[in-house]
Structure formats: structure tokens, C-alpha cells
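Reader: I would like to learn how to read a fold from its strand pairings, its aromatic rings and its helix faces. Could we work through one example together?

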Amino acid sequence: MKYAVVFIYDDKKDAYQVSVPDLPGCAITERTIDLGMEEITKSIKSHLSILAEYGEKVPNARGLESHRQNYILENPHTFSQAFWAIVSIDITPYLGKSHKINVTLPELLIAQIDDKVSKSSEYKTRSGFIASACITELEKY
């Protein structure tokens, strides 16, 4: 899942306020952008862990442009001080216990999946690819 992250520099604190609009309450303060990216990634994982612990659904990530447009509307005088980043998180560990199922797919489709998995660092396994595709489809509803 690719979560949009917004950085806003706070002159009074001499630090960045970093937050994830798709995960209300998931925010940190850091002095540098690099540390901000590192710590917000940890914060997102911690946030998702807590949601999973309570049986809550992992929130879908909306597109960066959608968040940016909303921010501009809500903060017309300060939007130019904000900048955005994307944090990619493997949400599989936060979806609950895995179950093995038997799925029948055409041979050529399996070959295409395996080729994509072998060439991409985004997917570690065929199952991960299929799970990601299912999540994408389910987000449409």
C-alpha cells in the first residue's frame, strides 16, 4: 500500500510535522526529512499493528493528488509550505492470519505473474502478488 505523507515545517519547533492523512493520528515530529521518512515509516507500521491487534481493517490509501488538493482547499494560506512523499508498506502482515487455499489459474497467467514477481521488488511471492491484486480490486467497492 502506498501511503501519502505530508511534511510541514514548524519554525517554532525547528522541525517537520509529518503526518499520514489516510491514518488519522499517525504523526511525528522530526528535525530532518531523512529522519522524518524513517520514523514515519515505523509509525505507520506501528499504527497498522495496533489496528490489526483490535481486528480493524487496514485503511485504503487514497492517491497523493487527492490529498494534495484537499490540503490546498483546507489550508489556502499555507499549502505552499507543505510537501509530500509516498511511503510504500507491505500490508500483508496486518491482514490477519494466512490461510492456504487452492486456486486454479491458466498456465500463461501464472507465467506472467511469476515473471512480474521475479522482476519486481514490490512483490516477494506469487501469493503476495495475488493478494495485492485482490486488495486493489476490493478497494473499488
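Reader: Which residue is the bridge partner of Tyr16 in β3?

Author: In this predicted model, the bridge partner of Tyr16 in β3 is Glu30. That pairing belongs to a set of 4 bridges that join β2 to β3 (residues 27-30), and these two strands run antiparallel. Tyr16 also stands opposite Tyr9, and here the setting is the pairing of β1 (residues 2-10) with β2 (residues 15-19), which are antiparallel and joined by 5 bridges.

Reader: How many residues lie between β1 and β2 in their hairpin?

Author: The hairpin has 4 residues between β1 and β2, and in the turn Asp14 takes a positive phi of about 50°.

Reader: How should I read the aromatic rings, and what is the arrangement of Phe7 and Tyr16?

Author: As a general idea, a pair of aromatic rings is described by the distance of the centres and the angle of the planes. A search of the whole structure finds 6 aromatic pairs. For Phe7 and Tyr16, the ring centres are 6.0 Å apart and the planes stand at 75°, so this pair is edge-to-face. Tyr9 and Tyr16 form another edge-to-face pair, with 5.0 Å from centre to centre and 70° between the planes. Phe7, Tyr9 and Tyr16 form one aromatic cluster together with Phe83.

Reader: Are Phe7, Tyr16 and Tyr9 buried or exposed?

Author: The cut-off needed here is that a residue counts as buried under 20% relative accessible area and as exposed over 50%, with partly exposed in between. Phe7, with a relative accessible area of 0%, is therefore buried, and Tyr16, at 15%, counts as buried as well. Tyr9 has 33% relative accessibility, so Tyr9 counts as partly exposed.

Reader: Where do the buried residues of α1 lie around its axis?

Author: The general idea is that an α-helix has 3.6 residues a turn, so residues three or four places apart point the same way. In α1, the buried residues are Gly36, Ile40, Ser43, Ile44, His47, Leu48 and Leu51. They cover an arc of only 135° around the axis, which means that they lie on the same side of α1. The face turned away from this buried side carries the exposed residues Asp34 and Glu53.

Reader: What do the buried residues of α1 pack against?

Author: They pack against β1, β2, β3 and β4 (82-88).

Reader: How far does α1 reach from its first C-alpha to its last, and what is found at its ends?

Author: Helix α1 (residues 33-53) has 21 residues and reaches 30 Å between its first and last C-alpha atoms, close to the 30 Å expected at 1.5 Å a residue. At the N-terminal end, Thr32 acts as a cap, with a side-chain oxygen 3.0 Å from the backbone nitrogen of Leu35. Just after α1, Gly55 takes a positive phi of about 75°.

Reader: What pattern does the protein follow along the sequence?

Author: Read in that direction, its 4 helices and 4 strands follow the pattern β-β-β-α-α-β-α-α. The C-alpha atoms fill a box of roughly 60 × 30 × 30 Å along the principal axes, and buried residues make up 26% of the 141 residues. Among contacts between residues at least 6 apart in sequence, 49% join residues at least 24 apart.

Note on methods
Residues are numbered from 1 along each chain as its sequence is written. This is a predicted model: local features need pLDDT of at least 70, side-chain atom pairs count only at pLDDT 80 or more; totals for chains, interfaces and linings use all residues. Side-chain values use heavy atoms; hydrogens and water are left out. Two strands pair if DSSP finds at least two bridges between them. Rings of Phe, Tyr and Trp (its six-membered ring) pair if their centres lie within 6.5 Å; planes under 30 degrees apart count as stacked, over 60 as edge-to-face and the rest as tilted. Buried means under 20% relative accessible area, exposed over 50%, partly exposed in between (1.4 Å probe, protein chains only). The expected span of a helix is 1.5 Å times one less than its number of residues. The arc is that of the directions from the helix axis to the C-beta atoms. Contact means heavy atoms within 4.5 Å. A polar contact is a pair of N or O atoms within 3.5 Å; within protein, one must be able to donate a hydrogen and the other to accept it, and residues adjacent in sequence count only if both atoms are side-chain atoms.
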